[in-house]
Amino acid sequence: MARIDLVDLAHSYLVGDDLPDQAYALKPVSMTWRQGGAYALLGPSGCGKTTLLNIISGIVTPSRGKILFDGNDVTQLSTRERNIAQVFQFPVIYDTMTVRENLAFPLKNRGLPKADIDKRVAEIAELLDLTPNMNRKATRLTADAKQKISLGRGLVRNDVAAILFDEPLTVIDPHLKWELRSKLKALHRALDLTMIYVTHDQTEALTFADTVVVMHDGRVVQSGTPEELFEKPAHTFVGYFIGSPGMNIVPAQVRGREAIVGGHALALARSYDPLPSSAKVEIGVRPEFVHLAAKAPGLMSGKIERIDDLGRIRFARVRVGDSLFAARVPPGFEVQGDEAALQFESSRIHVYADSRIVEGRSLEQVA
Ligand code: ADP
Ligand code: MG
């Protein structure tokens with residue numbers, strides 16, 4: 001088990017001095033992964049997740065910066081020397097070996113006594129429902145079962161610095177995914193191991209992890225608990241990517257305690273200093289905190305374009321000028337005609353300049 005520090009780390013697959021920013025698959029990042037933490041590394045395809053994971057495991061040597069395990073510089077060490085287990089998107093197993101031999105391999109390799117190997121292999125096989133197949137050759141099994149063996153090989157050692165998972169459930173049947181994810185979570189609780197789980201799926205990330213690290217375009221844009229990412233996205237991408245529907249993000253002019261959106265003034269709970277005139281200023285507010293209401297003087301209103309019924313909750317899409325808002329339809333609210341007003345919870349509105357959150361001053365600070 002280890003605490004992992006990334007110190008001013010960056011990586012470009014291109015070689016050369018003076019590379020432009022966009023040549024970096026991973027833009028400079030400094031951060032700490034707590035020993036024993038359950039992390040998800042979340043972002044869309046191509047944003048740099050695998051690059052970062054492979055730098056942590058030692059498959060890729062970064063073009064800049066350092067990696068520390070418990071304070072020791074491991075930047076030039078191999079995966080084996082770092083003592084890392086990694087599970088990939090597609091099965092990495094020995095086809096000619098039996099399931100049992102596959103699971104035992106990482107332990108044999110480390111020279112563990114046979115009795116210990118047998119015990120541990122039996123435990124992991126049980127956890128992954130592989131016990132009935134123990135003596136079968138891996139080559140005859142389904143893609144699902146092969147990937148479970150891969151997971152087992154990653155999980156079988158309990159003395160590793162960390163276990164890294166790179167979209168490990170991609171080839172797994174949907175109904176099994178949920179079950180395996182819960183098992184990984186339970187295993188994390190039982191083992192006190194540092195785990196980093198890469199995914200592009202917010203549901204997977206939010207259910208597995210205590211801390212979710214969101215990446216966008218080669219950058220780590222926020223690291224926080226699922227609640228923090230929901231309540232206070234540090235970057236508009238986090239607001240948009242997490243949540244369903246995502247956060248409303250609309251252009252605004254912000255002055256003091258007011259945001260002007262489409263000619264309408266919205267009250268803010270915090271006060272903002274003047275922002276640079278060159279900045280792209282937006283407000284962000286989650287659909288859960290915008291409520292559809294009957295039209296009334298002083299309320300922003302617009303045209304309802306559609307209503308999505310998600311069962312327990314309904315969201316309306318309301319056009320106001322050039323902006324389209326998602327807003328919660330209060331239980332029992334009768335939609336009349338195609339026009340309605342929007343009521344905003346002031347304390348839930350955030351201000352963004354060039355996509356990054358701007359900290360306003362609370363009223364006590366202003367007074
Ligand atoms: P993700 O895992 O989030 O999908 P990757 O880390 O695989 O993202 O890729 C990040 C960027 O780096 C992408 O633009 C990808 O095309 C590029 N990239 C990944 N691996 C290589 C490589 N071996 N050589 C050159 N470019 C690469
Ligand atoms: Mg990847």
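Which residues have the most contacts inside the largest nonpolar core? They are L103 and F165, and the views below start from the whole chain before turning to that core. This is a predicted model, in which local features need pLDDT of at least 70, side-chain atom pairs count only at pLDDT 80 or more, and totals for chains, interfaces and linings use all residues. Residues are numbered from 1 along each chain as its sequence is written, chains are lettered from A and ligands numbered from 1 in the order in which they are written, and side-chain values use heavy atoms, with hydrogens and water left out.

**View 1. The protein chain has 10 helices and 21 strands.** Helices (H or I, at least four residues) and strands (E, at least two) are DSSP runs, numbered from the N terminus. The C-alpha trace spans about 80 × 50 × 40 Å along its principal axes. Of the 367 residues, 50% are buried (under 20% relative accessible area; exposed is over 50% and partly exposed lies in between, with a 1.4 Å probe and protein chains only).

**View 2. The largest nonpolar core has 47 residues.** A nonpolar core is a set of buried Ala, Val, Leu, Ile, Met, Phe, Trp, Tyr and Cys residues joined through side-chain atoms within 4.5 Å. Leaving aside residues up to four places away in sequence, L103 touches V121, I124, A125, L130, M134, I149, G152, R153 and V156 (contact means heavy atoms within 4.5 Å). A second, separate core of 30 residues includes A259, L292, L342 and I349.

**View 3. Ligand 1 is surrounded by Y13, A25, P44, S45, G46, C47, G48, K49, T50 and T51.** A residue is counted here if one of its heavy atoms lies within 4 Å of the ligand. By class, this shell has 4 nonpolar, 5 polar and 1 charged residues (Ala, Val, Leu, Ile, Met, Phe, Trp, Tyr, Cys and Pro count as nonpolar, Asp, Glu, Lys and Arg as charged, and the others, Gly among them, as polar).

**View 4. P331 lies in the loop between β18 (323-329) and β19 (339-344).** P331 is exposed, with a relative accessible area of 74%. From C-alpha to C-alpha, P331 and P91 are 47 Å apart in space, and they are 240 residues apart in sequence.
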